[in-house]
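Please open the model in a viewer and keep the sequence panel visible. The tour proceeds by selection, from the whole chain to single residues.

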Amino acid sequence: MLDLNKSFSSASFYEYLINEMLMGTRCNNCGDLSIRPRPICFKCHSQVLEWVQFSGFGSLSTFTIIAIPPTIMVNRGFSRDNTYCSGIVTLEEGPRVSGFISGVDCNNPDTIEIGLSVKVDFSNMWEDLPTVMFVPR
Ligand SMILES: [Zn+2]
């Protein structure tokens, strides 16, 4: 059962994510949608917000290939010889979210196209490091 009474916090966002829900907030005053929950509307400063579930569909707006990863990713096996793609996805509903882009050829970044249609992917979720992941659709 979807609990929509969680606090508007990153902790709640990641709890939803672990349960395979990409959630954000909608402002009931101005309608602004946000993928990163906070207890106040960034646009109009209203505090009358509600949780909304995003479809998880979007398009790749920009990306980078990480060859010198932070320690937390080195511990997952990423390195100069095993790079990964980090990108910004514009969701169908409008908000932009950063995420791990899998299913693309990191050795040939020229083949990764801006505008690539993607969907959120929960199948390889790292439970100890919840991360928004996308795959091409
Ligand atoms: Zn607002």
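**The whole chain**

Begin with a cartoon of the protein chain, in which the secondary structure comes to two helices and eight strands. The model is a predicted one. Followed from the N terminus, the elements run α-β-β-β-β-α-β-β-β-β. The C-alpha trace spans about 45 × 30 × 25 Å along its principal axes. The radius of gyration is 16 Å, which agrees with the value near 14 Å that a compact globule of 137 residues would have. Colouring by burial will mark 21% of the 137 residues as buried. Among contacts with a separation of 6 or more, 51% are between residues 24 or more positions apart.

**Two domains**

Next, colour residues 10-53 and 57-136 separately; the domain assignment gives these as domain 1 and domain 2. Their centres, taken over C-alpha atoms, are separated by 22 Å. Where the domains meet, nine residues of domain 1 are in contact with 11 residues of domain 2. On the domain 1 side, H1 and E2 are the elements that give two or more residues, and H1 gives the most, with three. By character, the residues on this side divide into six nonpolar, two polar and one charged.

**The sheet of E1, E2 and E3**

Select residues 23-27, 33-34 and 49-53, which are strand E1, strand E2 and strand E3. In what order do the three strands of this open sheet stand? The order is E2-E1-E3, and the pairing is antiparallel. E2 and E3 are the edge strands; each has a single partner strand, so one side of each is left without a neighbour in the sheet. Five bridges connect E1 with E3 in the antiparallel sense. To see the register, display Gly24 and, opposite it in E3, Val52.

**Two loop residues with positive phi**

Now move to the loop between H1 and E1, where Glu20 lies. Its phi is near 65 degrees, a positive value in a residue other than glycine. Is Glu20 buried or exposed? Glu20 has 12 C-beta neighbours inside 10 Å and therefore counts as exposed.

Continue to the loop between E2 and E3 and select His45. This residue, although not a glycine, has a positive phi of about 70 degrees. His45 has 10 C-beta neighbours inside 10 Å, so it too counts as exposed.

**Strand pairings from E4 to E8**

Turn to strand E4 (57-66) and strand E7 (117-120). These two pair in the antiparallel sense over three bridges, and Phe57 has Lys119 in E7 as its bridge partner. E4 also pairs with E5, again antiparallel, over eight bridges. Display Leu60 with its bridge partner in E5, Val89.

From E5 (84-91), pass to E6 (96-101). Six bridges join these strands, which run antiparallel; one of the bridge partnerships is that of Gly87 with Gly99 in E6. The hairpin of E5 and E6 has four residues between the strands, and there Gly94 takes a positive phi near 120 degrees.

E6 also leads to E8 (133-136). How do E6 and E8 run, parallel or antiparallel? They run parallel, and two bridges join them. Ile101 has Phe134 in E8 as its bridge partner.

**The nonpolar core**

Finally, hide the surface and show side chains for the largest nonpolar core, which has 19 residues. Which of its residues touch the most other members? They are Leu60, Val89, Ile101 and Phe134. Helix H1 (10-18) and the strands E4, E5, E6, E7 and E8 each supply at least two residues of this core. E5 gives the most, with three residues. The core draws at least three residues from each of domain 1 and domain 2.

End the tour by centring the view on Val89. Leaving aside neighbours within four places in sequence, Val89 is in contact with Gly58, Ser59, Leu60, Ser61, Arg96, Val97, Gly99, Val118 and Phe134. Of these contacts, Leu60 is also the residue whose bridge partner is Val89, and Phe134 is the bridge partner of Ile101.

How values were computed. Residues numbered from 1 in each chain as written. Predicted model: local features only at pLDDT ≥ 70, side-chain atom pairs only at ≥ 80, totals over all residues. Core = buried A, V, L, I, M, F, W, Y, C linked by C-beta atoms within 7 Å. Buried ≥ 20, exposed ≤ 12 C-beta atoms within 10 Å, placed from the backbone. Domains from an automatic or database assignment. Contact = placed C-beta atoms within 7 Å. Pairing = 2+ DSSP bridges. Nonpolar A, V, L, I, M, F, W, Y, C, P; charged D, E, K, R; others polar. Rg over C-alpha atoms; globule rule 2.2 N^0.38 Å.
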